[in-house]
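Open the model in your viewer and keep the sequence panel in sight. The stops below go from the whole chain to single residues and back to the surface.

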Amino acid sequence: MPPAVVNTQTSSPSRRGGCTLGCLTVLLLLLLVVAGWFFVARPFLHDIAITQLDRAMSSAVNQISPLEVSVLPHVLMVNENTLTNMLVLNTAPSDPVQHPATKISQNGVRFEFQLYGSDCAITLLPQAQTGHLVATNVTVEGIIGLILSADDIQTLLNKHLADAQAR
């Protein structure tokens with residue numbers, strides 16, 4: 001029987017070039033993903049979200065029948081159920097936004113919903129400014145904040161609130 005071969009070398013020399021190249025590759029891929037999000041995916045999703053919200057809010061405003069100013073009461077009361085029903089009626093079962101609900105408190109109005117199964121919310125404080133209702137102190141919670149800012153929502157809400165008041 002031939003003698004057994006004994007390996008006296010305890011470890012092979014490490015290849016620093018391979019480790020550095022691997023780290024640089026991972027860093028480059030990570031940089032491409034982040035750049036792709038900020039320069040391609042986010043602007044694309046932002047435009048889609050703004051368009052869909054604008055369309056839904058326009059539809060809700062167009063459902064308001066024009067009334068004579070003399071017929072309107074000085075104070076118009078709106079409750080949580082009315083706002084929730086308006087949201088539900090203007091979303092399709094296939095929309096990414098599901099289960100909308102409204103909560104009204106002394107701190108303002110809170111719209112809660114699920115976006116692709118993730119809980120989200122938009123809160124605002126309605127105020128009368130120069131005789132017109134406007135949304136102030138808007139905050140955005142959840143994954144919708146990755147696509148839309150509070151300023152985006154506030155601008156869109158105030159545009160449609162002005163349209164609704166004009167009707």
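Colour by secondary structure and follow the chain: the order is α-α-β-β-β-β-α, with three helices and four strands in total. Helices (H or I, at least four residues) and strands (E, at least two) are DSSP runs, numbered from the N terminus. This is a predicted model, in which local features need pLDDT of at least 70, side-chain atom pairs count only at pLDDT 80 or more, and totals for chains, interfaces and linings use all residues. Residues are numbered from 1 along each chain as its sequence is written, and side-chain values use heavy atoms, with hydrogens and water left out.

**Whole chain**

Show the surface. The protein exposes about 12500 Å², and carbon and sulfur atoms supply 64% of that area. Accessible areas come from the Shrake-Rupley method with a 1.4 Å probe, and for residues only the protein chains shown count as cover. Of the 167 residues, 17% count as buried. Buried means under 20% relative accessible area, exposed means over 50%, and partly exposed lies in between (1.4 Å probe, protein chains only). Among contacts with a separation of 6 or more, 37% are between residues 24 or more positions apart; a contact means heavy atoms within 4.5 Å.

**Helix α3**

Select residues 150-166, which form helix α3. How far does this helix of 17 residues reach from its first C-alpha to its last? The span is 24 Å, close to the 24 Å expected at 1.5 Å a residue; the expected span is 1.5 Å times one less than the number of residues. Now show the side chains of Ile 153, Leu 156, Leu 157 and His 160, which are buried. Look down the axis of α3: its buried residues fall within an arc of 100 degrees, so they line one face of the helix. The arc is that of the directions from the helix axis to the C-beta atoms. On the other side of α3, select Asp 151, Thr 155 and Ala 166, which are exposed.

**Ala 135**

Move to strand β4 (residues 132-141) and pick Ala 135. Is Ala 135 buried or exposed? Ala 135 counts as buried because its relative accessibility is 1%. Leaving aside residues up to four places away in sequence, Ala 135 touches Leu 124, Leu 125, Gln 154, Leu 157, Asn 158 and Leu 161. Leu 157, one of these contacts, is also among the buried residues of α3. Draw a distance between the C-alpha atoms of Ala 135 and Leu 124: they are 6.0 Å apart, with the two positions eleven residues apart along the chain.

**A salt-bridge network**

A search of the whole structure finds four salt bridges, a salt bridge being a side-chain nitrogen of Lys or Arg within 4 Å of a carboxyl oxygen of Asp or Glu. Select Glu 112 and Lys 103, whose side chains meet in one at 3.5 Å, N to O. Glu 112 also pairs with Arg 110, where the closest N and O atoms are 2.8 Å apart. Add Glu 141, which forms a salt bridge with Arg 110 at 3.0 Å, N to O. Glu 141 lies in strand β4 and Arg 110 in strand β2 (residues 108-115), so this pair ties together parts that are 31 residues apart in sequence. Through shared partners, Lys 103, Arg 110, Glu 112 and Glu 141 are joined into one network. Each member is partly exposed, with these relative accessible areas:

- Glu 112: 24%
- Arg 110: 25%
- Glu 141: 34%
- Lys 103: 43%

**Two positive phi angles**

Select His 99 in strand β1 (residues 97-105). Phi of His 99 is near 55 degrees, a positive value in a residue other than glycine. His 99 counts as exposed at 58% relative accessibility. Next take Thr 130, in the loop between β3 (118-129) and β4. Thr 130 is not a glycine either, yet has a positive phi of about 50 degrees. Thr 130 is exposed, with a relative accessible area of 78%.

**A nonpolar patch**

Finish with Leu 30, in helix α1 (residues 16-62). Leu 30 is exposed, with a relative accessible area of 52%. Add Val 34, Phe 38, Phe 39 and Val 40: with Leu 30 they make a nonpolar surface patch of about 560 Å². Patches are made of residues with over 30% relative accessible area and no salt bridge, with like charges joined within 9 Å and nonpolar side chains (Val, Leu, Ile, Met, Phe, Trp, Tyr) within 5 Å.
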